[in-house]
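The following explanation leads the reader through one structure, from its sheets to its ligand and then to its loops. Please keep the sequence and the coordinates in view while reading.

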Amino acid sequence: MNAVAARAALPPGAVLGVMGGGQLGAMFAMAARRMGYRVESISDVADCPAARHCDRVHVVAFDDAAALAGIARGLDVVTFEFENVPVEAARALESIVPVRPAPQVLFTTQDRVREKAFLVANGLACAPHRVVRSRADLLAAVADLGLPAVLKTAAFGYDGKGQVRIAAAGEVDAAWDALGPRELVFEGWVDFDCEISVVAARGLDGSIAVFEPSRNAHRRHILDVASAPAMLPEPVLDAARRTTATVLEKLGVVGVACVEFFVTRDGRVLVNEIAPRPHNSGHLTIDACETSQFEQQVRAVCGLPLGSTRQRTPAAMANLLGDCWAHGEPDWPAALAVPGVSLLLYGKSDPRPGRKMGHLTAQAATVGEAIANATRARELACRAGVPGGR
Ligand code: AMP
């Protein structure tokens, strides 16, 4: 592809490939098809949430470079919906078709050691940390940074998986036995005031659009409720927005990314994690913003102008985990009777505990009211199954 073609916008009708078949791919496909694009998912499983919303699902082993190249020939651009896509698979596609964000962005962000090195190299604040490759390294890190702390696997961690909190010296050996021997990151425990995240997009022309930071509450390490505005002092929000824009620029992201932060009690923002894709905390943008994070992803990867990120109303999103199905089918009419509440289900058939099945978004006059309504709607839905429901 020549330089002019590489910069040209892909008009509706073009074929967009998305690596991965989860709910983020499904919501990307919904946004893209609404705009007239054709969407093809590249997934290692056939029965995935994106399948219902895509024009086609290519079921392929991610280590089959020849099959990936064959698929790439039918696509105009490729993006991804989860960051644990093997970099080699993304590179196999990139040899044929633009991949946005580039595989190099995946390479940096899917490994905590590389991600932390990127942050440090660019002067972006994060938790104090040490790379740990042996029990001796771990003991040295404990001596250096102290306890409590958290030990994390460098690769393939999400939603608190691959993490062990170490509260006291007597727990150090058990933490190593649980996660070692492999590359780990030891992080000093951040006594944070709250956690926030910022979703942003960067276009092909380098323009950046940042969504309102959202405040995130977790339960059992999984995002529980996200709300925006985050109700923090403007300098704190501004530091988070500026840091996010710097992350996208320095990584050279073309697409959407999310930066998660700890906000310390003295008002500093420390980067916790970077996800080079739309994020669970950004789902409220679907209902509450002029452009959703998924439409923004379509615009960015297609080389279109980025949309307005203005949030129309305060909003809160409550995740629906499989636990909500414990008593049968949730009571959706009760949830949807709560003012300003909308429902998005991902079409997953097996509601296992802890599995993200969908979410409820509430829009209201104040963010406090939005949080109250989203959580109330969820309580009503999940409290009792509907008689006769599955
Ligand atoms: P992560 O997978 O790194 O996003 O961690 C999952 C959750 O664990 C975070 O959202 C925090 O609530 C908590 N956590 C992780 N690292 C730290 C830390 N260094 N200090 C305090 N809490 C942490």
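The paragraphs below take up two sheets, the surroundings of the ligand, and several loop residues in turn. The model is a predicted one.

The first topic is a parallel sheet. This open sheet contains 4 strands in the order 3-2-1-4, and the pairing is parallel. Its edges are formed by strand 3 (56-59) and strand 4 (77-80), each of which pairs on one side only. Direction ignored, neighbouring strands of this sheet are turned by 25° against each other on average. The pairing at one edge can be followed residue by residue. Strand 1, which covers residues 15-19, runs parallel to strand 4, and 4 bridges connect the two. Within this pairing, Gly-17 has Val-78 of strand 4 as its bridge partner.

The second topic is an antiparallel sheet. Here an open sheet of 4 strands follows the order 5-8-6-7, with antiparallel pairing. Strand 5 (129-132) and strand 7 (163-166) are the edge strands, and each pairs on one side only. From one strand to the next, the twist averages 20°. In general, the strands of a sheet are held in register through backbone hydrogen bonds, in either a parallel or an antiparallel arrangement.

Strand 8 deserves a closer reading in this sheet. On one side, strand 5 pairs with strand 8 in the antiparallel sense over 4 bridges. Two bridge partners illustrate this pairing: Val-132 is matched with Leu-184 of strand 8, and His-129 is matched with Glu-187 of strand 8. Strand 6 and strand 8 also run antiparallel, joined by 5 bridges. In this second pairing, the partner of Ala-149 in strand 8 is Gly-188.

Is strand 8 buried or exposed? Of its 5 residues, 5 are buried, so strand 8 is largely enclosed by the rest of the structure. In a regular strand, side chains alternate between the two faces of the sheet. For strand 8, both faces are covered: Leu-184, Phe-186 and Gly-188 are buried on one side, and Val-185 and Glu-187 are buried on the other.

The ligand is the next topic. It is surrounded by 16 residues, of which the closest are Lys-152, Gln-163, Glu-187, Val-190 and Glu-195. Glu-187 thus appears both in this group and as the bridge partner of His-129. Sorted by class, the shell comprises 5 nonpolar, 6 polar and 5 charged residues.

Which side chains place polar atoms beside oxygen atoms of the ligand? In the side chain of Glu-195, an N or O atom lies 2.5 Å from an oxygen atom of the ligand. For Gln-163, an N or O atom of the side chain is 2.6 Å from a ligand oxygen atom. Arg-112 has a polar side-chain atom 3.1 Å from an oxygen atom of the ligand. On its own, the ligand has 470 Å² of accessible area, and the protein covers 94% of this. Two or more residues of the shell come from each of strand 6 (149-153), strand 8 (184-188), strand 9 (192-202) and strand 14 (269-275). Strand 6 and strand 8, which contribute to this shell, are also joined to each other by the 5 antiparallel bridges described above.

The loops hold several further features of the backbone. The peptide bond from Leu-147 to Pro-148 is cis, with omega near 0°. Pro-148 belongs to the loop that lies between helix 7 (135-145) and strand 6. A cis peptide bond also leads from Ala-228 to Pro-229, where omega is near 5°. Pro-229 is located in the loop between strand 12 (222-228) and helix 9 (234-251).

That loop between strand 12 and helix 9 also contains Met-231. Phi of Met-231 is near 55°, a positive value in a residue other than glycine. Met-231 has a relative accessible area of 57% and is therefore exposed. Arg-220, in the loop between strand 11 (214-219) and strand 12, likewise has a positive phi, near 50°, in a residue other than glycine. With a relative accessible area of 56%, Arg-220 is exposed.

The last residue to consider is Ala-337, which is found in the loop between helix 12 (332-336) and strand 16 (341-345). The relative accessible area of Ala-337 is 62%, so this residue is exposed. Between the C-alpha atoms of Ala-337 and Arg-112 the distance is 43 Å, and the two residues are 225 residues apart in sequence. Arg-112 is the residue whose polar side-chain atom lies 3.1 Å from an oxygen atom of the ligand.

Definitions and conventions. Residues numbered from 1 in each chain as written. Predicted model: local features only at pLDDT ≥ 70, side-chain atom pairs only at ≥ 80, totals over all residues. Heavy atoms only, no water. Near = heavy atom within 4 Å. Polar contact = N/O pair within 3.5 Å; in protein donor to acceptor, adjacent residues only side chain to side chain. Areas by Shrake-Rupley, 256 points an atom, 1.4 Å probe, with all protein chains shown as cover. Nonpolar A, V, L, I, M, F, W, Y, C, P; charged D, E, K, R; others polar. Pairing = 2+ DSSP bridges. Axes fitted to C-alpha atoms, helices over the stretch in contact; angles between N-to-C directions. Buried < 20%, exposed > 50% of the residue type's maximum accessible area, 1.4 Å probe, protein only.
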